[in-house]
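Please examine the structure shown below. The paragraphs that follow lead through its interior and the residues around it.

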Amino acid sequence: MKVSVNGGRCEGHGMCEATAPDFFTLDEDGYSSIGSDKVVPPGRERAVRLGVESCPVAALTVTES
């Protein structure tokens, strides 16, 4: 499983990072800085999905692989 952020959609709400701070990172302005195709560590899938789902502007996407 991989996660990507659409930087053009991210508004810096930080809900993803609040949900799974060990996976989601924010830049100095509070926007997601995970980039594209960040691999989710084994056992963190549920928490990361919750982080993706918490984004109020749907800036994050999950790819199964």
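Phe23 has a relative accessibility of 2% and therefore counts as buried, the limit being under 20%. The model in which this value was computed is a predicted one. Phe24 is likewise buried, with a relative accessible area of 1%.

A search of the whole structure for aromatic pairs finds one. It is formed by Phe23 and Phe24: the ring centres lie 5.0 Å apart and the planes meet at 85 degrees, so the arrangement is edge-to-face. The threshold behind this assignment is an angle over 60 degrees between the planes. The ring of Phe23 also has a charged residue over its face, Lys38, at 4.4 Å from the ring centre.

Both phenylalanines belong to the largest nonpolar core, which has 17 residues. Phe23 and Phe24 are among the residues with the most contacts inside this core, together with Val3, Ile34, Val48 and Leu60. Strand β1 (2–5) and helix α2 (45–54) each supply at least two residues of the core. Of the elements, α2 gives the most, with three residues. In soluble globular proteins, nonpolar side chains tend to be buried together.

Ile34 shows how parts of this core meet. Neighbours within four places in sequence aside, Ile34 is in contact with Val3, Ser4, Val5, Phe23, Phe24, Thr25 and Leu60.

Ser4, one of these partners of Ile34, lies in strand β1. With a relative accessible area of 12%, Ser4 is buried because this value is under 20%. What lies 2.7 Å from a polar atom of the Ser4 side chain? The backbone nitrogen of Asp37 occupies that position. Asp37 also appears in the wider set of contacts of Ser4, which comprises Ile34, Gly35, Ser36, Asp37, Ala59, Leu60 and Thr61 when neighbours within four places in sequence are left aside.

Met1 is placed in the segment before β1. At 13% relative accessibility, Met1 counts as buried. Not counting residues up to four places away in sequence, Met1 touches Lys38, Val39, Val40, Glu45, Val48, Arg49, Val62, Thr63, Glu64 and Ser65. Two of these partners have already been met: Lys38 lies over the face of Phe23, and Val48 is among the core residues with the most contacts. Leu60, another such core residue, is 59 residues from Met1 along the chain, and the C-alpha atoms of Met1 and Leu60 are separated by 13 Å.

Technical notes:
Residues numbered from 1 in each chain as written. Predicted model: local features only at pLDDT ≥ 70, side-chain atom pairs only at ≥ 80, totals over all residues. Heavy atoms only, no water. Phe/Tyr/Trp six-rings, centres within 6.5 Å; stacked < 30°, edge-to-face > 60°. Buried < 20%, exposed > 50% of the residue type's maximum accessible area, 1.4 Å probe, protein only. Lys NZ or Arg CZ within 6 Å of the ring centre and 35° of its normal. Core = buried A, V, L, I, M, F, W, Y, C linked by side-chain atoms within 4.5 Å. Helix = DSSP H or I, 4+ residues; strand = E, 2+ residues; numbered from the N terminus. Contact = heavy atoms within 4.5 Å. Polar contact = N/O pair within 3.5 Å; in protein donor to acceptor, adjacent residues only side chain to side chain.
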